[in-house]
Amino acid sequence: MAAPARSPQVTSSGAPRAGGSGQLAGRTVSRIGFGAMQLERLRGDRKAAIALLRRCVELGIDHVDTAQFYGHGFVNEVIHEAIRPEDDVVVVSKVGAEPDPDGPLPLRLAQRPEQLRAAVESNLTTLGMERIPLVNLRRTDTGPGLRAEGDQVVALDDQLAVMTELRDEGKIGAIGLSSVSLDVLRAALPAGIACVQNAYSLLSRDDEDILGLCRAEGIAWVPYFPLGSAFDGLPKVTDEPAVINAARDLNVTPAQVALAWLLHHAPNVLLIPGTADPAHLEANVRAGAVALDAATLSALDAVPSRSGDIALG
């Protein structure tokens with residue numbers, strides 16, 4: 001007898017989906033996922049890192065975002081150890097950069113096709129996978145971060161060619177893009193794009209046209225820096241008076257209001273807030289239950305976007 005079909009509102013563990021259900025690369029996932037970058041902070045306590053990932057599963061998270069360059073493979077190794085096949089978690093990775101421990105910044109770009117292929121192979125090894133469900137190509141067209149120079153200036157078509165080859169070979173399931181402009185996304189659409197990760201928040205809405213195109217094309221929008229800039233001296237959503245007022249009225253935190261606004265803003269938004277703290281993880285998940293009425297949404301929507309395009313390095 002066939003097993004009964006599982007409700008799309010619960011994960012394989014039977015937990016209610018964090019933030020409700022969304023779509024990613026043809027899969028139903030919880031709209032609140034987990035960004036694993038900060039797990040590197042638990043390098044000295046591997047058991048705590050594993051326990052945090054197990055707690056993600058218990059809380060209804062089945063979308064984990066990682067990269068080989070997070071902790072020089074440590075984060076991927078912990079994911080491999082903690083996440084079980086029966087958890088049915090969609091593990092997403094990214095390529096386009098690599099560690100540079102001796103450089104002025106901890107990362108350097110790795111944009112050339114052979115570097116993208118090598119990065120996918122490294123991710124497969126440390127994640128213990130034969131196929132990564134989705135891999136994001138991290139470009140440098142927009143948003144904060146490094147800018148390509150010299151041999152790191154690579155044509156989009158050359159990058160998509162190797163990503164498509166890797167998909168055809170079965171090493172990746174779907175292709176995503178990160179830090180891309182509207183023109184680049186439009187040019188990439190024929191290759192089949194499942195996800196876009198750009199810097200985006202209540203205070204950084206310059207990419208509203210890209211979000212709109214993603215929504216029209218059925219592409220998941222997965223914003224990084226969802227609480228505003230991580231750089232000192234630049235606007236943070238949690239400092240915004242309208243956000244603070246809404247949090248007070250709803251008896252939640254400003255961060256929960258900021259995450260809830262993103263979920264309310266468009267149905268194709270998926271969140272991947274990161275943390276190394278179990279209490280913070282639980283607070284992020286609770287943001288998915290924060291209801292914003294029309295008056296609150298109107299007040300938040302009226303906050304002006306005032307992002308800046310910061311290039312580091």
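This report describes a predicted model, moving from its sheet and cores to single residues and then to its largest pocket.

**The sheet**

Seven strands make up an open sheet, arranged in the order β3-β4-β5-β8-β9-β10-β11, and the pairing between them is parallel. At its edges stand β3, which covers residues 34–35, and β11, and each of these strands pairs on one side only. Within the sheet, strand β4 (residues 63–65) and strand β5 (residues 90–95) are joined in the parallel sense over three bridges. His-63 has Val-90 of β5 standing opposite.

**The nonpolar cores**

The largest nonpolar core holds 83 residues, and the members that touch the most other members are Phe-34, Leu-39, Ile-79, Met-163 and Leu-185. Helix α8, which runs over residues 254–265, gives the most to this core, contributing seven residues. For Ile-79, when residues up to four places away in sequence are not counted, the residues touched are Ala-36, Leu-53, Val-64, Thr-66, Val-91 and Leu-127. There is also a second, separate core of 12 residues, whose members include Val-92, Ala-174, Ala-220 and Leu-270.

**Two buried polar residues**

Gln-256 is part of helix α8, and this residue counts as buried because its relative accessibility is 7%, below the cut-off of 20%. Leaving out residues up to four places away in sequence, Gln-256 touches Ala-283, Arg-286, Ala-287 and Val-290. With Ala-283 there is also a polar contact, in which a polar atom of the Gln-256 side chain lies 2.9 Å from the backbone oxygen of Ala-283. Gln-256 and Ala-289, although 33 residues apart in sequence, are 9.4 Å apart in space when taken from C-alpha to C-alpha.

Glu-240 is placed in the loop between β11 (220–221) and α7 (241–250), and at 9% relative accessibility this residue likewise counts as buried. Apart from neighbours within four places in sequence, Glu-240 is in contact with Leu-203, Val-303 and Arg-306.

**Two loop residues with positive phi**

Most residues other than glycine have a negative phi. His-72, which is not a glycine, nevertheless has a positive phi of about 55°, and Asp-88, also not a glycine, has a positive phi of about 55°. His-72 is found in the loop between β4 and α2, a helix that covers residues 74–82, while Asp-88 lies in the loop between α2 and β5. With a relative accessibility of 48%, His-72 counts as partly exposed, and Asp-88, at 32%, counts as partly exposed as well.

The table sets out the accessibility of the four residues treated one by one above.

| Residue | Relative accessibility | Class |
|---|---|---|
| Glu-240 | 9% | buried |
| Gln-256 | 7% | buried |
| His-72 | 48% | partly exposed |
| Asp-88 | 32% | partly exposed |

**The largest pocket**

The largest pocket contains about 1400 Å³ of space. Its lining is made up of 44 residues, and those that lie nearest the centre of the pocket are Met-37, Tyr-70, Tyr-224, Phe-225 and Ala-230. Two or more residues of this lining are given by each of the elements β6 (97–99), β7 (107–109) and α9 (278–286).

Conventions: Residues are numbered from 1 along each chain as its sequence is written. This is a predicted model: local features need pLDDT of at least 70, side-chain atom pairs count only at pLDDT 80 or more; totals for chains, interfaces and linings use all residues. Side-chain values use heavy atoms; hydrogens and water are left out. Helices (H or I, at least four residues) and strands (E, at least two) are DSSP runs, numbered from the N terminus. Buried means under 20% relative accessible area, exposed over 50%, partly exposed in between (1.4 Å probe, protein chains only). Contact means heavy atoms within 4.5 Å. A nonpolar core is a set of buried Ala, Val, Leu, Ile, Met, Phe, Trp, Tyr and Cys residues joined through side-chain atoms within 4.5 Å. Two strands pair if DSSP finds at least two bridges between them. A polar contact is a pair of N or O atoms within 3.5 Å; within protein, one must be able to donate a hydrogen and the other to accept it, and residues adjacent in sequence count only if both atoms are side-chain atoms. On a 1 Å grid over the protein atoms alone, a cavity is a set of points where a 1.4 Å probe fits but cannot get out, and a pocket is an open set with protein on both sides within 12 Å along at least five of seven lines; lining residues have an atom within 4 Å of a point. Grid points are joined across faces, edges and corners, and a volume is the space filled by probe spheres set on the points.
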